Amino acid sequence: MLDPKWVREHPDEVKEAGRKKRMECDQVVDRFLEVDEALRALLPEVESMRARQKSLGREMGSATPDQREALLREQKESKKRIQELGVRERELKQEREDLLLHLPNIPAPEVPEGADDNDNVELRRVGEIRDFGFSPKDHITLGERLGILDFKRAAEMAGTRNYFLKGKAVLLEEAVLRFALDHLIQKGFEPMTVPLLVRDFAMVGTAYFPGGEEQAYRCEKDELNLIGTGEVPLTSYHQGEILALKDLPVRLVARSVCFRREAGTYGKDTKGLYRVHQFQKVEQVILDVADPELSIQRHLEITSNSEELLQAMGLPYRVVNVCGGDLGQPQIQKFDIETWMPSREGYGETHSASRFHDFQTRRLKIRYKDEEGKTRYCYSLNNTVIASPRILIAILENYQEEDGSVTIPEVLRPYCGFDRIERQ
RNA sequence: GGAGGGAUGGCAGAGUGGCCGAAUGCGCCGGAUUUGAAAUCCGGUUUGUCGCAAGGCAACGGGGGUUCGAAUCCCCCUCCCUCCGCCA
């Protein structure tokens with residue numbers, strides 16, 4: 001959420017942000033200005049009336065019976081008026097809040113112009129793309145032949161975009177996740193196990209709601225939502241708190257299951273492990289002081305944390321600077337890491353590193369006291385550390401052998417307990 | 001699922017109808033003292049809004065009610081806690 005004061009003073013910049021993000025918001029901004037102005041015109045009026053009401057009550061004690069009569073009459077009259085204005089005040093506050101929740105965060109100047117992911121700007125490519133010397137198979141063929149993936153039974157049981165991992169695929173997944181978790185712990189991140197079902201405020205606070213309701217599974221009976229990412233509980237962890245300066249930055253990492261309805265993606269990536277309803281993810285979150293320059297540094301930090309893992313596993317990848325049109329509502333800037341997937345003959349998104357400034361923390365009321373003792377909103381950031389089974393696509397396909405077996409990347413072997421997967 | 005208790009400033013915690021935007025303690029910030037530190041003392045330490053400023057005003061989980069007047073009494077909602085039951 002943007003600072004209402006800032007929006008008041010920079011409406012054109014907000015509209016420009018909407019344009020750059022391809023989420024036009026001119027009307028919302030204009031309506032905000034109206035409501036905001038109406039509210040600020042109303043407040044002094046209500047407040048002075050309430051003050052008058054109070055002081056009349058105080059005078060009552062020392063008043064003569066005649067005066068008392070007059071005071072009473074005045075109070076009776078203004079009481080009705082105060083109530084009416086109070087209702088109006090609440091309506092305006094509510095509407096202003098709703099409008100604010102729909103405004104986009106301001107993209108950084110470094111965010112490239114563009115309409116969709118085709119316009120993302122490649123920052124770097126890392127790693128050699130392997131020349132197989134035979135025609136490589138996709139992970140579905142590989143996995144089914146190795147007996148470690150089963151899509152058919154999963155679809156029967158749970159619908160499309162579901163899967164069973166079996167045998168060594170299970171252990172490989174565990175290995176990758178644990179390797180990723182260990183890497184982040186070693187970087188000073190505190191590991192957490194988090195709630196997967198959360199209240200609405202956490203979804204709103206992290207800016208998935210309003211707007212993302214269709215992508216989330218909801219348990220209506222209990223008014224809880226299944227998280228689509230560990231970012232939600234991690235970022236919300238300190239909700240409502242005022243942190244001490246000495247406790248910043250807060251670095252958290254969690255492994256969690258993630259659930260996504262994938263509504264509106266029919267026909268897109270329908271096969272295999274790429275786009276599924278349920279997956280596991282290790283996620284990193286940083287909360288730090290409100291300093292844009294430092295936030296850029298943190299952004300690089302969380303990006304390279306993840307790049308290091310891909311490098312260690314020997315997976316080729318590229319990093320792209322996500323363009324305005326491909327950016328979500330809450331981000332200031334986003335880097336996607338895309339890992340090479342032979343079956344796609346291209347890079348597939350495996351990581352997404354975002355910085356938000358105080359867009360989330362303002363909603364979540366996560367603050368800290370700065371050097372001068374002033375209370376300010378923290379800045380938040382997050383990035384995927386590893387997401388599985390999507391990363392398994394890259395591992396299985398890049399490390400396949402001509403006979404259909406798969407070699408395990410060296411760094412994962414101690415975690416797996418085996419060095420290859422072959423047909424049983 | 002049943003019964004009860006609670007929500008006040010960064011934290012703890014007083015306040016049960018006007019004298020309360022709010023005691024006290026702790027923490028934090030600034031200053032004094034000190035060779036330095038500890039201790040001690042003094043001052044400051046929520047947000048919004050109006051105002052150039054000084055300063056004013058409003059807000060005690062949220063909403064409604066009673067009252068001339070509500071942090072305080074009543075009702076509803078939300079959240080938290082305790083006990084019992086059930087349970088991995």
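The legends below walk through several close-up views of this predicted model.

**View 1. Strand 10 sits between two pairing partners, strand 9 and strand 16**. Let us start with strand 10, which covers residues 278-288 and is mostly covered itself, with 10 of its 11 residues buried. Strand 9 (residues 250-259) pairs with strand 10 in the antiparallel sense, over 10 bridges. Strand 16 (residues 379-388) also pairs with strand 10 in the antiparallel sense, here over nine bridges. To follow these pairings by eye, look for Ile286 in strand 10, the bridge partner of Arg251. Ile286 also has a bridge partner in strand 16, namely Leu381. In a regular strand, side chains point alternately to the two faces of the sheet.

**View 2. Three helices help to form the surface near RNA strand B**. Helix 1 (4-9), helix 3 (26-60) and helix 4 (65-102) each bring at least two residues to this surface. Which helix gives the most? That is helix 3, with 10 residues. Sorted by class, the surface has 11 charged, six nonpolar and four polar residues.

**View 3. Five of the 21 residues around RNA strand B come nearest**. They are Arg40, Gly57, Leu72, Gln75 and Arg90. On the RNA side, sugar and phosphate make up 86% of the atoms of strand B that come within 4 Å of the protein.

**View 4. Arg8, Arg90 and Glu47 each place a polar side-chain atom by RNA strand B**. For Arg90, a polar side-chain atom is 2.2 Å from a phosphate oxygen of the RNA. In Arg8, an N or O atom of the side chain lies 3.3 Å from a phosphate oxygen of RNA strand B. What part of the RNA lies 3.2 Å from a polar side-chain atom of Glu47? Here it is a base nitrogen.

**View 5. Aromatic rings meet in pairs**. The structure holds three aromatic pairs, one of them formed by Phe132 and Phe134. These two rings are edge-to-face, at 5.4 Å centre to centre and with 70° between the planes. Phe132 and Phe134 are both buried. Trp340 and Tyr347 have ring centres 5.1 Å apart and planes at 75°, so this pair is edge-to-face. Trp340 and Tyr347 are both buried too.

**View 6. Charged side chains sit over the rings of Phe418 and Tyr274**. The charged end of Lys168 is placed over the ring of Phe418, 4.8 Å from the ring centre. Over the face of Tyr274 you will find Arg344, at 3.7 Å from the centre of the ring.

Methods
Residues numbered from 1 in each chain as written. Chains lettered and ligands numbered in written order. Predicted model: local features only at pLDDT ≥ 70, side-chain atom pairs only at ≥ 80, totals over all residues. Heavy atoms only, no water. Buried < 20%, exposed > 50% of the residue type's maximum accessible area, 1.4 Å probe, protein only. Helix = DSSP H or I, 4+ residues; strand = E, 2+ residues; numbered from the N terminus. Pairing = 2+ DSSP bridges. Near = heavy atom within 4 Å. Polar contact = N/O pair within 3.5 Å; in protein donor to acceptor, adjacent residues only side chain to side chain. Nonpolar A, V, L, I, M, F, W, Y, C, P; charged D, E, K, R; others polar. Phe/Tyr/Trp six-rings, centres within 6.5 Å; stacked < 30°, edge-to-face > 60°. Lys NZ or Arg CZ within 6 Å of the ring centre and 35° of its normal.
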